[in-house]
Amino acid sequence: MNKVELQDKELLAHIESLPKDEMSIFVMADGRIRGALFHGTRFVNQARLQHNLGILETMVFGNAALCGALMIPTMKGQEHIVWRYEVDGPAKGFNIETDSTGYVRGFLLNERIPVDKPLENWNLAPFLGCGTMTVTTIRPNEKNHQESTVQIDSLNIAKDLAWYYKQSEQVSTAFNTSIQMDKTGRVIGAGGMFLQVMPEIGGTKAGGSTKNSSANTKADEQLLERAELAFKTAPSLGQWFCEKGTHEDIIYGLFREFKPSIALKRNIKFDCPCNKEYFLNHIKHLPSSELEDIRKNGPNPLEVKCNNCGSTYLINTSEI
């Protein structure tokens, strides 16, 4: 990826004063619940720079990319997920790719969302709508990819992704993302969090029975209700990280009754493995007639753009 550098000195100074972008993965409630908290201020700014996005487009794509980052802890081993979100609203949707190595990339289906009146708030519902989302999981050495499609209509990206996990994988999951902008529309804070209930293994602590008692089931329901309530009382994560809030204060404060423990921290970036050689190789495999026409009539150099990260590569015709 050709990384676009931030030129706004005031914004750059603010970002450099913040803790680094990082994801904390944690477990709680004796391992029944796992979660992740992601500080992504630099992450969202990089995504915006790569695609040269406006304010509204940054809010849509930034929240989608944050959700994509939060899918990484759900991966099993080496995986690559393609998340296609298509709706009938003005935004049209997006395509997000996320990889177990820790990078996220993607693009909006409509990079210039039409707005017919001034925005009164950051409610994205009017720009989304009804549609479908398709999640494709790609694993090394597997010819057949796992693909699942669900209908969506909540008008909320995070809630739609949670709905996917509930419908497709029968796992209770919650996502929360937030982007804080200043009065000029600059991204000064961004973050996201998810919780997921782990599948229960049969058996009781005392006797090892493969059936759960009604008392255990009731206790389990109450546990999940309390965890959901705590999750909903989280502060705006964009504002939290903008004001230099820490991961530990959120995790150990918000969920203290569930005795959380941070298992690991990892770096997540908006990045793309594309490079000039990748596109050059594709061009060389064009039909010989097309290659001859390019050599004779140009343009020279060829300008090739990566849809997933906005990088532009110039390829001289002599190279093909």
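**Close-up 1. The buried side of helix α8 in this predicted model.** Helix α8 spans residues 276-284, and its buried residues include F279, L280 and I283. These three cover an arc of only 105° around the axis, so they sit on the same side of α8. A handy reminder: an α-helix has 3.6 residues a turn, so residues three or four places apart point the same way. As for what lies over the buried residues of α8, the cover includes α9 (288-297), β12 (302-305) and β13 (312-315).

**Close-up 2. Strand β6 and its two antiparallel partners.** Strand β6 runs from residue 131 to 138, and 6 of its 8 residues are buried, so the rest of the structure largely encloses it. Strand β3 (residues 80-87) is joined to β6 by 8 bridges, antiparallel. To find your place in that pairing, look for V87 opposite G131 of β6. Strand β7 (residues 146-152) also pairs with β6 in the antiparallel sense, over 7 bridges. Here T137 is opposite Q146 of β7.

**Close-up 3. A nonpolar patch on the surface.** I55, V115, L119 and W122 together make a patch of about 330 Å². V115 belongs to the loop between β5 (103-108) and β6. With a relative accessible area of 43%, V115 is partly exposed.

**Close-up 4. E10 meets R186 in a salt bridge.** The N to O distance between these side chains is 3.4 Å. E10 comes from helix α1 (residues 9-17) and R186 from the loop between β8 (173-181) and β9 (187-197), so the pair ties together parts 176 residues apart in sequence. E10 is exposed, at 56% relative accessible area, whereas R186 counts as buried at 19%.

**Close-up 5. D21 and R42, another salt bridge.** The closest N and O atoms of this pair are 3.2 Å apart. D21 is in the loop between α1 and β1 (22-28) and R42 in helix α2 (residues 41-51), so to speak a link between distant parts of the chain, 21 residues apart. D21 is buried, with a relative accessible area of 10%, while R42 is partly exposed at 27%.

**Close-up 6. The salt bridge between E248 and K265.** These two side chains meet at 2.6 Å, N to O. The pair links helix α7 (residues 247-254), home of E248, to strand β10 (residues 261-266), home of K265, across 17 residues of sequence. Both ends are partly exposed: E248 has a relative accessible area of 31% and K265 one of 37%.

Key:
Residues numbered from 1 in each chain as written. Predicted model: local features only at pLDDT ≥ 70, side-chain atom pairs only at ≥ 80, totals over all residues. Heavy atoms only, no water. Buried < 20%, exposed > 50% of the residue type's maximum accessible area, 1.4 Å probe, protein only. Helix = DSSP H or I, 4+ residues; strand = E, 2+ residues; numbered from the N terminus. Pairing = 2+ DSSP bridges. Patch = residues over 30% accessible without salt bridge, like charges linked within 9 Å, V, L, I, M, F, W, Y side chains within 5 Å. Areas by Shrake-Rupley, 256 points an atom, 1.4 Å probe, with all protein chains shown as cover. Salt bridge = Lys/Arg side-chain N within 4 Å of Asp/Glu carboxyl O. Arc of directions from axis to C-beta. Contact = heavy atoms within 4.5 Å.
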